[in-house]
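Dear colleague,

I am handing over the structure we spoke about, and below it you will find my notes on what was found. Please read them with the model open beside you.

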Amino acid sequence: MSHPESGKSHHEDFSTRHAPMPIEIPVDDEEAGRAQRGGMSQTDVDLKTQLVRFVVTGAGSGALDFGLTYLLQAAVGLDPWLAKTIGFIVGTTTAYLINRRWTFRAEPSAARFIAVMCLYLVTFAVNVGLYALFVHLWPDGFIYALLAYGIAQGTATVINFVVQRAVIFKIG
C-alpha cells in the first residue's frame, strides 16, 4: 500500500512505535476471541487450566534445562554447578516467557519482572544447590544426574508455581 502523503510504500505495522505482538495459539474458541480483542487476564484462566499449562511449559523448559545442563557437564566438562547454572537460566527464562503469556495470560510489568527475578534468585539457590549436592554425593552417571535434576527441579517447580500464582501474577 502507498503512503498517501509521500507515495512511498507503507505498512501498518511499521507506522506505529510498537512492534506487533507475537501470534499466540489459543486453547479454545473463547480464548481466541479474547486474544483478537486484546483482552488478557489471569482471572479468565481457572486453577486446573493454569496447573496443566504450567506443567506442560515446565516439562518443555525442564527438558531444555536438563539437556543443556547434561551436555555442558558431560560433553564440555563444566563443573556441575556451572552447567546447572547455565541450564537453569536458559530453562527458567523460557518457562517465564511462556507462562506469562500462556499460563497466566498476564501483560508485562516492571513490578512483576522484579518480583520474578527475586523469586528466581530463591529458586536458583534451591535448584542449583540441591543438584550440586546430590551430584556430589552420588556416583557419576546419567541416571544419578537425572535423579538429582528431578529432585532439584521438582522442589523449585513447586515453589515457583505457588509464588507465581499467589503473588507474582496478581501484581499489575
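**Helix α4 and its neighbours**

Helix α4 (residues 110-137) has 28 residues and at 1.5 Å a residue should span 40 Å, which agrees with its end C-alpha atoms being 40 Å apart; the expected span is 1.5 Å times one less than the number of residues, and helices are DSSP runs (H or I, at least four residues) numbered from the N terminus. Please bear in mind that this is a predicted model, in which local features need pLDDT of at least 70 and side-chain atom pairs count only at pLDDT 80 or more, while totals for chains, interfaces and linings use all residues. Residues are numbered from 1 along each chain as its sequence is written, and side-chain values use heavy atoms, with hydrogens and water left out.

Among the buried residues of α4 (under 20% relative accessible area, 1.4 Å probe, protein chains only) are Leu119, Tyr120 and Phe134. The cover over the buried residues of α4 includes α2 (47-75), α3 (80-103) and α5 (142-166), where contact means heavy atoms within 4.5 Å.

Helix α2 also meets α5, with residues including Leu51, Phe54 and Phe66 in α2 and Leu146, Tyr149 and Phe161 in α5.

The count of salt bridges (a side-chain nitrogen of Lys or Arg within 4 Å of a carboxyl oxygen of Asp or Glu) comes to one, and it joins the side chains of Lys84 and Asp65 at 2.9 Å, N to O. Because Lys84 lies in helix α3 and Asp65 in helix α2, the pair ties together parts that are 19 residues apart in sequence. Both Lys84 and Asp65 are buried.

With best wishes

Conventions. Helices (H or I, at least four residues) and strands (E, at least two) are DSSP runs, numbered from the N terminus. Buried means under 20% relative accessible area, exposed over 50%, partly exposed in between (1.4 Å probe, protein chains only).
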